[in-house]
Amino acid sequence: NNVGHGYLNGFGAVELGNSTVTGDLYLDANDTLALDGTISIGGITHLTALGELTLASNSTLTGQGDTLTLESFAGSIIQAAGSEIHATHATATVVLRASDSVELVHLDAGASGSVLIEAASGAVTMSNASAQTITAGSLLIVAHAGVDAALVVSSIAVKAGGDIQLDATGDLAIDQVAIDGVSGAGLQSLRGGVIEVTQSGSAATLVVNSLIQTLNTGTITLTSTATDSVIHLNAGLSAQYGNIALTAGQAVEVVSSDASPTDLASLITNLAELTITAAEGLNFVTSAGVFAAGVISRHSSAGALRIV
């Protein structure tokens with residue numbers, strides 16, 4: 001236990017067990033850093049390791065300050081099963097940076113918190129089991145390889161080299177996000193991976209405010225599972241040679257106006273099939289949700305359009 005601030009430097013491998021610090025904690029390990037126990041930091045949390053940074057099974061790290069940073073300069077950040085990370089400040093900023101991969105189980109930054117996850121040469125992955133999620137107001141993920149995550153967030157942006165697979169609960173906006181000097185927009189798979197977003201929750205809305213894009217034969221699949229759910233397109237989708245499928249319980253909506261009708265062919269671009277499945281089908285609406293004019297068309301080189 002420590003009253004006040006802690007500034008520690010470990011010249012080898014470091015293990016931090018049950019701890020309570022009332023102020024800030026800055027801990028740098030020149031080898032690996034293992035967190036094993038119940039650890040509570042009253043102020044800023046800044047933990048770095050030259051090697052792997054791990055959170056042991058059933059351990060809990062709680063940061064009460066406005067920033068919580070975990071960084072591995074030459075390894076991965078790994079959460080073992082049953083472990084949890086909590087940032088309890090009302091507007092917390094959580095930053096996880098690893099030179100390799102980030103493997104998460106449970107990260108909670110609160111409904112107004114911001115989370116940045118960077119995996120410079122690896123992937124961002126986590127369990128999709130019940131109660132194992134990333135919770136935040138905004139989330140930005142940058143990964144060299146793929147991303148596979150379960151989410152309860154308001155807005156998200158992802159840039160990845162491989163597949164992007166997101167399982168979201170509640171309303172979600174795919175948007176522009178900037179955290180800790182890093183910015184991103186939409187969902188981008190830079191090497192033609194699959195992009196899949198599955199949303200659950202009664203009356204949930206999946207809003208696309210920034211471009212969703214993959215290359216080559218990568219596909220895009222957006223699914224909102226509740227019977228009263230809506231997919232709302234305020235920005236485009238581009239899949240090059242891959243199929244695009246949009247499925248919502250109630251409707252798929254495209255933002256348009258009577259004065260300047262949106263053309264589906266310019267909003268959704270791919271050379272393969274486009275399938276839209278919803279009880280009300282495809283609706284063109286204004287930004288206020290009022291029905292508007294629109295153009296349903298496909299470029300001559302595009303694949304089939306199906307509205308089910």
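What follows is a walk through a predicted model of a single chain, from its overall build down to two of its residues.

Start with the overall build. Strands dominate the count here, with 38 of them in the chain alongside one helix. The radius of gyration comes out at 21 Å, close to the 19 Å that the globule rule gives for 308 residues, so the chain is as compact as a globular protein of that length. Along the principal axes, the C-alpha atoms fill a box of roughly 65 × 35 × 30 Å.

Then there is the matter of what is tucked away and what is not. Of the 308 residues, 52% count as buried. The chain still exposes about 12,100 Å², and 51% of that area is supplied by carbon and sulfur atoms. As for contacts with a separation of 6 or more, 47% come from residues 24 or more positions apart. Charge is lopsided: there are 26 negative side chains and 5 positive ones. The centres of these two sets lie 15 Å apart.

Strand pairing can be followed through β3, β6 and β9. Strand β3 (residues 19–21) runs parallel to strand β6 (residues 38–41), and three bridges join the two. Within this pair, S19 stands opposite I39 of β6. Strand β6 also pairs with strand β9 (residues 60–63), again in the parallel sense, this time over four bridges. Here T38 has T60 in β9 as its bridge partner. β6 therefore has β3 as one partner and β9 as another. In a regular strand, side chains alternate between the two faces of the sheet.

Two loop residues round off the picture. G113 sits in the loop between β15 (107–108) and β16 (114–119). With a relative accessibility of 1%, under the 20% cut-off, G113 counts as buried. Its contacts, leaving out residues up to four places away in sequence, are A90, A92, A136, G137 and S138. One of these, G137, is 24 residues from G113 along the chain, yet the C-alpha atoms of the two are separated by 5.1 Å.

S256 is also a loop residue, placed between β32 (251–255) and β33 (262–263). Its relative accessibility is 7%, so S256 counts as buried too. Again leaving out residues up to four places away in sequence, S256 touches P261 and T262, then F284, V285 and T286, and finally A292, A293 and G294.

Definitions and conventions. Residues are numbered from 1 along each chain as its sequence is written. This is a predicted model: local features need pLDDT of at least 70, side-chain atom pairs count only at pLDDT 80 or more; totals for chains, interfaces and linings use all residues. Side-chain values use heavy atoms; hydrogens and water are left out. The radius of gyration is taken over C-alpha atoms; the globule rule is 2.2 Å times the number of residues to the power 0.38. Buried means under 20% relative accessible area, exposed over 50%, partly exposed in between (1.4 Å probe, protein chains only). Contact means heavy atoms within 4.5 Å. Accessible areas come from the Shrake-Rupley method with a 1.4 Å probe; for residues, only the protein chains shown count as cover. Lys and Arg count as positive and Asp and Glu as negative; His and the chain ends are not counted. The place of a charge is taken as NZ of Lys, CZ of Arg, CG of Asp or CD of Glu. Two strands pair if DSSP finds at least two bridges between them.
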